Structures are given as C-alpha cells and as structure tokens.
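Biologist: Please take me closely through one part of this model, the start of the chain, and then set that part against the rest of the protein. I work in computational chemistry, so do give me the cut-offs as you go.

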Amino acid sequence: MIPARTFARMLGDYNIRVYTVAPGRTASDTFVAKTGLESFTSSTENRALKRLLAPEDLVGTVVFLASDDSAMVTGVDHGWRTGAECPA
C-alpha cells in the first residue's frame, strides 16, 4: 500500500488533499453478523479503552477531513488505536 504522503506530494500542486482512513476492526452490523460479537468483546479486555470501535466513532474525523477546517491537512494515514498497544 502506498502511504497517503506519497499521493499528497504528487497531487499537492493541484491543491488536492489526500488522506487514508483505516479504522481496523469496526463493530459494524455486517462485520459482527459474519464474525460474531464474541470475537470483538474478547479482544477488548486488554485494551486501555475497554469498548468496541463503532462506525459512529469514525464520523467526526471523516467529517473534519471532508471540511474546509482541514484545508492544511494532507498526506496523513488515519488509524484508530484503542489502547491495545498500551502495556499494563
């Protein structure tokens, strides 16, 4: 996968902003129906934030990136970290 910053460099002269939104495992209705809720809830025990990532959690960031408020933001890969990397 080519990072967003590579495309941002290529398209910046045209005033085109580039981002990626990569939330990872999100507890959408479709994904939970396919994998089961247990696969999500068991993984929350070791996280700093002990809840599931829901589609609604992504909305604020996506709206910000689509707005003029992010006019000087480009070349960023946005991921969601729920604290799984935080040692106990």
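Modeller: Happy to! From the N terminus on, the elements run α-β-α-α-α-β, which makes four helices and two strands. The protein is more spread out than a compact globule, because its radius of gyration is 16 Å, well over the 12 Å that the globule rule gives for 88 residues. That radius is taken over C-alpha atoms, and the globule rule is 2.2 Å times the number of residues to the power 0.38. Helices (H or I, at least four residues) and strands (E, at least two) are DSSP runs, numbered from the N terminus.

Some ground rules first. This is a predicted model, so local features need pLDDT of at least 70 and side-chain atom pairs count only at pLDDT 80 or more, while totals for chains, interfaces and linings use all residues. Residues are numbered from 1 along each chain as its sequence is written, and side-chain values use heavy atoms, with hydrogens and water left out.

Now to the part you asked about. Helix α1 covers residues 4–11, and Met10 belongs to it. Phe7 and Leu11 are in this helix too. For exposure, buried means under 20% relative accessible area, exposed means over 50%, and partly exposed is in between (1.4 Å probe, protein chains only). Met10 is partly exposed because its relative accessibility is 49%. Phe7, at 33%, is likewise partly exposed, and so is Leu11, at 27%.

What do these side chains meet? Contact here means heavy atoms within 4.5 Å. Leaving aside residues up to four places away in sequence, Phe7 touches Ile2 and Val18. With the neighbours up to four places away again set aside, Leu11 touches Ile16 and Val18. Val18 therefore appears in the contacts of Phe7 and in those of Leu11.

On the outside, Ile2, Phe7 and Met10 make a nonpolar surface patch of about 280 Å². Patches are made of residues with over 30% relative accessible area and no salt bridge; like charges are joined within 9 Å, and nonpolar side chains (Val, Leu, Ile, Met, Phe, Trp, Tyr) within 5 Å. The areas come from the Shrake-Rupley method with a 1.4 Å probe, and for residues only the protein chains shown count as cover.

After the helix comes the loop between α1 and β1 (19–22), where Asp13 has its place. Asp13 is exposed, because its relative accessible area is 75%. Asn15 lies in that loop as well, and its 70% relative accessibility makes it exposed. Asn15 also has a phi near 60°, a positive value in a residue other than glycine.

How does this part sit relative to the rest? Leu11 and Thr30 are 19 residues apart in sequence, yet 34 Å separate their C-alpha atoms. Phe7 and Leu65 are 58 residues apart along the chain, with 16 Å between their C-alpha atoms. Asp13 and Asp57, 44 residues apart along the chain, have their C-alpha atoms separated by 32 Å.

Asp57 deserves a word of its own: its side chain meets that of Arg51 in a salt bridge, at 3.1 Å from N to O. The rule asks for a side-chain nitrogen of Lys or Arg within 4 Å of a carboxyl oxygen of Asp or Glu, and the count by this rule is one salt bridge. Arg51 is partly exposed, with a relative accessible area of 49%, and Asp57 is partly exposed at 26%.

Further along, Thr35 lies in helix α2 (residues 29–35) and is partly exposed at 38% relative accessibility. The side chain of Thr35 reaches the backbone oxygen of Phe31 at 2.9 Å. Between the C-alpha atoms of Thr35 and Gly79, 44 residues apart along the chain, there are 21 Å.

Finally, the whole protein. Its C-alpha trace spans about 45 × 30 × 25 Å along the principal axes. Buried residues make up 25% of the 88 residues. The accessible surface comes to about 6500 Å², and 58% of it belongs to carbon and sulfur atoms. Among contacts between residues at least 6 apart in sequence, 66% join residues at least 24 apart.

Notes
A polar contact is a pair of N or O atoms within 3.5 Å; within protein, one must be able to donate a hydrogen and the other to accept it, and residues adjacent in sequence count only if both atoms are side-chain atoms.
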